[in-house]
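Let's take a quick tour of the aromatic and nonpolar features in this one. Have the structure open while you read.

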Amino acid sequence: MSAKFSLYDHHGFSQSQALARENRNKKAKRLFKVLVYAILGVLLLVFIAKLPSIVGRVLKPFPNVQNNLVNYNKIDFRFRTNILLITYFKDDIKEISIGSLDSTDKKVQLLKMKPDQMIYTSEGDTTLAKIFQTKTRTNLYLEKLTASIIKTLGLAIDGYILIDQESNWQDKASLEKIANDIYTPGFFFGVFGVKSYLDLHLKTSLSVWELNTLVNKIKNLRPDRFSIINLAESSDEQGYLEPRLLGGKLGLLLNDSLIAKEELTVSVVNASGVEGVGNVFKDILTNLGINVVDVVSAESQERSEIV
């Protein structure tokens, strides 16, 4: 019994034809790979060429407002950082607070104030909202508002974030949502849209990197390290903001862990020639956790040294 061999495959092609077809398929696959790599290479070259403009667009500084009482691009997050937060719409304050971050102790406090909060100023008694509304008449409106808050609360303000929008966001739930949503795949796909929106609605003294650092530090906090302090409870009967009504708790809540552990003792010498500045600095230093033994003016100190 003899075996029979066929020179044709099941499609009716000869072996040489099948081999030629297989070679053509291999060449087609190689050509397809080359084409894919070529397209990817072109896209990569285009991306590299546009990378400087992309980075420049993302890192473009946000608009800011004149305010000589805060740090511009110089925040040291090793120490307690206080950021003035304002949401406004059509030149009216909707919400105002101070976000206070202690990186050493890994905690954040939100000091909530009311826009209609009465406050003492060198130009007379007014409200936080009315000081802000002077933005239609002067570029120094934010500096005046910052000065009034520093003087009243005895807290240094390191920077500010102003957002022009109708919806509120200065609460625990909203801040946690912002921290959780950022740096997700959806955020990166829409990063240009987010940046465009912020360029139109955000004014801040913080650089893009500082804002990124601040968000990251908040994002990495445990929920129990976030608290809200309602400063409306520290108003007197006439509605004036009076932090001393908190019974000294403000300094205990907001001292700087890194500074407080040094157990520093200092004297404040007011050489500015402006009455009351020494006491403002005393309050600021005390709230940071520094023991201030006395406050003197430069003139009185000079006389005591002569005697």
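## Out on the surface

In which helix is F32 found? F32 sits in helix α1, which covers residues 15-59. Keep in mind that this is a predicted model.

F32 has a relative accessibility of 56%, so it counts as exposed, given that the cut-off for exposed is over 50%. F32 is also one of the residues behind a nonpolar surface patch of about 740 Å². The others making that patch are L35, V36, Y37, I39, L40 and L43.

## Rings that pair up

Now for the aromatics: the structure holds 2 aromatic pairs. One of them joins Y88 and F132 in a tilted arrangement, with 5.2 Å from centre to centre and 55° between the planes. This pair bridges distant parts of the chain, since Y88 belongs to strand β1 (residues 81-89) and F132 to helix α2 (residues 128-133), 44 residues apart.

Are these two rings buried or exposed? Y88 counts as buried because its relative accessibility is 4%, and F132 counts as buried because its value is 0%. The cut-off at work here is under 20%.

## A three-ring cluster

F132 also pairs with Y141, and here the geometry is edge-to-face: the centres are 5.4 Å apart and the planes make an angle of 90°. Like F132, Y141 is buried.

Put the ring pairs together and you get a cluster made of Y88, F132 and Y141. F132 takes part in the tilted pair with Y88 and in the edge-to-face pair with Y141.

How values were computed: Residues numbered from 1 in each chain as written. Predicted model: local features only at pLDDT ≥ 70, side-chain atom pairs only at ≥ 80, totals over all residues. Heavy atoms only, no water. Patch = residues over 30% accessible without salt bridge, like charges linked within 9 Å, V, L, I, M, F, W, Y side chains within 5 Å. Areas by Shrake-Rupley, 256 points an atom, 1.4 Å probe, with all protein chains shown as cover. Salt bridge = Lys/Arg side-chain N within 4 Å of Asp/Glu carboxyl O. Helix = DSSP H or I, 4+ residues; strand = E, 2+ residues; numbered from the N terminus. Buried < 20%, exposed > 50% of the residue type's maximum accessible area, 1.4 Å probe, protein only. Phe/Tyr/Trp six-rings, centres within 6.5 Å; stacked < 30°, edge-to-face > 60°.
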